[in-house]
Amino acid sequence: MEFAPSEEQQAIFDMAKAFGQEHIAPFARDWEAEGTIPRDLWPKLAELGFGGLYVSEESGGSGLTRLDATLVFEALSMACPSVAAFLSIHNMCAKMIDAYGSEEMKTRVLPGALSMQTVLSYCLTEPGSGSDAAALRTKAEKSNDSYLLTGSKAFISGGGYSDAYVVMCRTGAEGPKGISALLVEDGTEGLSFGGLEQKMGWKSQPTRQVQFDGCEVPLANLLGEEGKGFRYAMAGLDGGRLNISACSLGAAQAALDATLDYMAERRAFGQSIDQFQALQFRLADMEIELQAARVFLRQAAWKLDTGAPDATKFCAMAKKFVTEAGSKVVDQCLQLHGGYGYLADYGIEKLVRDLRVHQILEGTNEIMRMITARSLIGSR
């Protein structure tokens, strides 16, 4: 059992961290204030192979493992978890196209996605179906050589910003077996967007409702087979849960590093505050939580990479544990900064806001508990 990253994995992490510190971290607060991420950032990330991290090499992607990808998202989130998480969404969509798209679709769409000239968004959640995703109502009716798509999606990162949307929709009966996946390209007639959502965190990601009013989507834009879209979506979410966990981990590590620096400089009662034993215990607890979270996350990623039968359960458990650990750590870091932690200048309050949503998306942490419990009961 090997716990240390390989030389190649360490190089991947170092490359992603260096990019984030140079091209993302200095601008993260400005992008948050503007409510958008500059489009010219994505091709720069794509030059490093980050536009298709686990798209197969045969399709032009980087062909990395899920474990490798978590290192990228951990490193980038040390600069800004909002930007890193948006990249994760794009990669999840690119992988779905690589795994389930026809050869014609892959030839047509993947080159732009891998260069990130084409930015992708994922559309599953609806105003009336969040955790109960199989209850979605967006409907696609086949008509001649196209589908007519009607409905709406909620909380879509990149709504009105992205170039194409992977949309889960109902092509058959009620329940998960009636759901298919379509690729809807920006500019399609009948595609529109709601107003920009005002959010607690992730403010640099433009988030809107995505609305379909008789959108005419070519039959060639069906991913895989009709009726299998829910299975595709759930398979994508296993990796998405690892990625969002990695984003929590990296951001919390950055907060702890900044807190150690602050405490070494801040003086009270004649000494730096990192010399008070009570505060040292709090630092120790945070370090223990983060190290435990890191090991758990990498074990879950290894299980997904190796096709372990309990991979879905471990991805769910890791997502629950790591995202909650990350939120606890950044909250404690804010407390240790005192009043300064509450100020935007120190960057800690942004991390508190950004990480809170990680316990909700990619399946709420309540759903992660449900997946874990059902796995336990079903295995008896």
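This report describes the overall build, the nonpolar cores and three individual residues of a predicted model.

## Overall build

The protein chain of this predicted model contains 11 helices and 10 strands. Its radius of gyration is 21 Å, close to the 21 Å that the globule rule gives for 380 residues, so the chain is as compact as a globular protein of that length. Measured out along the principal axes, the C-alpha trace spans about 80 × 50 × 40 Å.

Of the contacts in the protein chain with a separation of 6 or more, 73% are accounted for by residues 24 or more positions apart.

## Surface and charge

Buried residues make up 53% of the 380 residues, while the protein chain exposes about 16600 Å², of which carbon and sulfur atoms supply 53%. The chain carries 36 positive and 48 negative charges, and the mean positions of these two sets lie 7 Å apart.

## Nonpolar cores

In soluble globular proteins, nonpolar side chains tend to be buried together. In this model the largest nonpolar core has 70 residues, and the members that touch the most others are I24, L41, W42 and L76. Helix 7, which covers residues 229-265, supplies the largest share of this core, namely 12 residues.

Residue I24, when residues up to four places away in sequence are not counted, touches F19, W31, L41, L76, A79, C80 and V83. Apart from this core lies another one, of 29 residues, which includes M92, A113, A133 and Y232.

## A buried residue in helix 5

F86 is placed in helix 5, which runs over residues 81-100, and its relative accessibility of 1% falls under the 20% limit, so F86 counts as buried. Once the neighbours within four places in sequence are left aside, F86 is in contact with I37, W42, V119, S157, G158, Y161, S162 and Q205. From F86 to R380 the C-alpha to C-alpha distance is 39 Å, with their positions 294 residues apart in sequence.

## Two loop residues with positive phi

F269 is a residue other than glycine with a positive phi, near 55°, and its place is in the loop between strand 9 (267-268) and strand 10 (271-272). At 82% relative accessibility, F269 counts as exposed.

E362, likewise a residue other than glycine, has a positive phi near 60° and sits in the loop between helix 10 (348-356) and helix 11 (365-378). Its relative accessible area is 13%, and E362 is therefore buried.

Notes:
Residues are numbered from 1 along each chain as its sequence is written. Side-chain values use heavy atoms; hydrogens and water are left out. Helices (H or I, at least four residues) and strands (E, at least two) are DSSP runs, numbered from the N terminus. The radius of gyration is taken over C-alpha atoms; the globule rule is 2.2 Å times the number of residues to the power 0.38. Buried means under 20% relative accessible area, exposed over 50%, partly exposed in between (1.4 Å probe, protein chains only). Contact means heavy atoms within 4.5 Å. Accessible areas come from the Shrake-Rupley method with a 1.4 Å probe; for residues, only the protein chains shown count as cover. Lys and Arg count as positive and Asp and Glu as negative; His and the chain ends are not counted. The place of a charge is taken as NZ of Lys, CZ of Arg, CG of Asp or CD of Glu. A nonpolar core is a set of buried Ala, Val, Leu, Ile, Met, Phe, Trp, Tyr and Cys residues joined through side-chain atoms within 4.5 Å.
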